[in-house]
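Here are a few short exercises to work through with the model open beside you. Try each task before you read its solution.

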Amino acid sequence: MDVTRICLDREYLIAPVDPRIFGGFLEHIGRAVYEGVYDPQSKHADEHGFRNDVLSSLKDLAFTAMRYPGGNFASGYHWMDGIGPLSTRPVVQELASLSIEPNQFGTDEFILLARKMNWIPMITGNLGTGTPEEARNWVEYCNRPVGTRFSDLRAKNGSVEPYDVKLWGLGNEMDGPWQQGHVPADLYAIRAQQAAKLMKDTDPSIELVVCGSAEIGLPTYMEWDRTVLEYVGDYADYISLHRYVGNSTGDTADYLAVTNSIDQQIEVMDGLCRYAQAKLRSRKRYYLAFDEWNVWYRTQDAESVNGHGKYAQHLVEEEYNLEDALVVAGFLNSFIRHADMVKIANLAQIVNVLAPILTRGDRILLQSIYYPIALYAQRREGVALQAIIRGPGYESKNYGFVHTIDASAILGKGVLHVFLINRSETEPATVEIDPVGIRLKSIQSAELVSAASAASCNTFEKPDTIHNHNLSNIKLADQKATMQLPPLCVAAISFVIDDKI
Ligand code: AHR
């Protein structure tokens, strides 16, 4: 069996890992909000109607930045429908998923939930059917001290203290013809610049995410991004990237190699940001907000996003298996490897819709993708280190050559975290961690997600097929760590290290 050697040199630092790359996304779609995080009828509901069972499972994933209220929903949402006494809020037709929106959960409930969960709120404004002024008013409602029209309204609704929402999105996927209010790039750029100016004049401390391409396959890919960045210029702090992947051909080896193309998507967008910065002679570097990413291919038909004029319908409830869990870990490895470019990333989404957690009545299921996310959640503080991989690999059908083992690493204070994925469907792998300038003292923790086959999954009937377990075969000798990984697995290992060498 060929050995994979992973060289980690203390001097090969990429950048500090921004905690916000471990973010999530909560959208008003299907059963994400209603029957997801918010379900006053459930026996698990707390005094605010939040589901305690869902929240306690979400706590272990420790999401940081939480994007809300959409997604496509954001482009038709008028935030003032979602504030004030519950009984006075309008029930409205919701066109993004052809549903109705009862507005029982809005800005105040989201902020309450975010505080309870220690999430950093990230609000997407409506740049589809909304106006720049409406977006600005929302900033005033959230962030101004009392004494003005909208900040006084917030106080009237229960919060004298500002919410201090620092992260705002300038719309969602405005390049997509499916988007409410979709316009060509130059028109969106004007809208975004107008909104950005008003929003930053309202609160100069906020940061803004401008809409980048929704899909790499769209004909306007990159041209859209260039037009928008060049026009919005320094009002933009981040540009968004979105990516959903899947195994629609049933080719696991190829699917697991998709990480190459995620790396490439990031690097290409970073190249564009640097181009725009140079063209504008700006001193400001624009960073990346990968604010929607996940596996999504089983529920992409029209019916899966059609609420038929009702709310809390079973929309886009993707059921995940082991290979999806490996791909999710691949996204996270890619974000860590590009810590100098990607500063925000949001798993789309967190409950029921494209989610690690499913509810059914009062029951809850933790899907396969829950487990790798939980592994990374405990090991994320520090500086990303370049992982130099030498070992076997294969030529994939669509994404070029990949090593059988995918890797990323974070150097923290007194600790080194290493994340590994074994892409082989049949072969266990011997992996040797070969640190340079880092003295491995002991193993703090080592965990693994694996199962019998790529298709293994958790179901309500059999919920424990996939979960995390200990990886106990690591040997430390001669300043190296050697381990055996089973086929198709994600491993996360934390070593205690000597800070002084
Ligand atoms: O996450 C589901 C949908 O996917 C979002 O609403 C939209 O932004 C994207 O197309």
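A polar contact here is a pair of N or O atoms within 3.5 Å; within protein, one must be able to donate a hydrogen and the other to accept it, and residues adjacent in sequence count only if both atoms are side-chain atoms. This is a predicted model: local features need pLDDT of at least 70, side-chain atom pairs count only at pLDDT 80 or more, and totals for chains, interfaces and linings use all residues. Residues are numbered from 1 along each chain as its sequence is written, and side-chain values use heavy atoms, with hydrogens and water left out.

**Exercise 1.** Find what holds a ligand oxygen atom at 3.0 Å.

Step 1: go to Q349, where a side-chain N or O atom is 3.0 Å from an oxygen atom of the ligand.
Step 2: check E27, which has a polar side-chain atom 2.7 Å from a ligand oxygen.
Step 3: turn to N72; here a backbone N or O atom does the job, at 2.9 Å from an oxygen of the ligand.

**Exercise 2.** Work out how much of the ligand the protein buries.

Step 1: take the ligand alone, and it exposes 280 Å² (Shrake-Rupley method, 1.4 Å probe).
Step 2: add the protein, and 94% of that gets buried.

**Exercise 3.** Sort the shell around the ligand by class.

Step 1: list the residues with a heavy atom within 4 Å of the ligand, among them F25, Y244 and W296.
Step 2: split the shell into four nonpolar, four polar and three charged residues. Asp, Glu, Lys and Arg count as charged, Ala, Val, Leu, Ile, Met, Phe, Trp, Tyr, Cys and Pro as nonpolar, and the others, Gly among them, as polar.
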